[in-house]
Amino acid sequence: MNIPNILTILRVLLIPVFILLFYLPFTWSYLAASAVFTFAAVTDWFDGYLARRLQQSTPFGAFLDPVADKLIVAVALVLLVGEHANLWLTLPAIIIIGREIMVSALREWMAELGARAQVAVSNLGKWKTTAQMVALVLLLANPPLLTFWVILGYALLIVAAALTLWSMTQYLLAAWPHLSATVEKK
């Protein structure tokens, strides 16, 4: 165990707290849930920074970090879709969650072929993640009313979904030679 791994585990353990705060029947519950989500997002950046800086990268951390990220984002999207119940949030949520499942499967399959580097994380993914996280923080902090902050959250989530589709296309194009290869008969 090291500090980056402890932060990653903490992020997973915060998910039930985040859910509980989101559903509490108090006016401050949205802000509290958003604060926990924001803390988790910051620990995501911080654990990666510490792992690189302190040279404490581990196989366990390499496995759990992306799982923790995808879990908390998927939970946030599901909670928000249930709360807002509109196309402006539901369609980007489906795109983001669907892409994460598809790209995870693609990376695993490419790793089996020894070609994982061809579907590595790109800078486009960092822009997508930034837009997505800011959108989620804004949407979680506000009730489902059409205020400036909620509309901005929807807009950023739509931008994140568009970037998600773009990055997914890049991954598929990089993997296409392997996906379209024919099996040689012996």
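**A walk through an all-helix model**

Helix α3 is followed by Ala 85, whose phi is positive, with a value near 45 degrees. This residue belongs to a predicted model, and the helix that precedes Ala 85 is a good place to begin reading the structure. Helix α3 covers residues 59-84, 26 residues in total, and from its first C-alpha to its last it reaches 38 Å, which is close to the 38 Å expected for a rise of 1.5 Å a residue.

Helix α3 can then be placed among the other elements. The protein has six helices and zero strands, so that, read from the N terminus on, the order of its elements is α-α-α-α-α-α.

The overall dimensions come next. Measured out along the principal axes of the protein, the C-alpha trace spans about 65 × 40 × 25 Å. For 186 residues, a compact globule would be expected to have a radius of gyration near 16 Å, and the 18 Å found for the protein agrees with that expectation.

Turning to how the chain packs, 40% of the 186 residues of the protein count as buried. When contacts between residues at least 6 apart in sequence are considered, 74% of them join residues that are at least 24 apart.

Finally, there is the surface and its charge. The protein exposes about 10,800 Å², and 73% of this area is supplied by carbon and sulfur atoms. Its side chains include 11 positive and 9 negative ones, and the centres of these two sets lie 6 Å apart.

Notes
Residues numbered from 1 in each chain as written. Predicted model: local features only at pLDDT ≥ 70, side-chain atom pairs only at ≥ 80, totals over all residues. Heavy atoms only, no water. Helix = DSSP H or I, 4+ residues; strand = E, 2+ residues; numbered from the N terminus. Rg over C-alpha atoms; globule rule 2.2 N^0.38 Å. Buried < 20%, exposed > 50% of the residue type's maximum accessible area, 1.4 Å probe, protein only. Contact = heavy atoms within 4.5 Å. Areas by Shrake-Rupley, 256 points an atom, 1.4 Å probe, with all protein chains shown as cover. Lys, Arg positive; Asp, Glu negative; His and termini not counted. Charge placed at Lys NZ, Arg CZ, Asp CG, Glu CD. Expected span 1.5 Å × (residues − 1).
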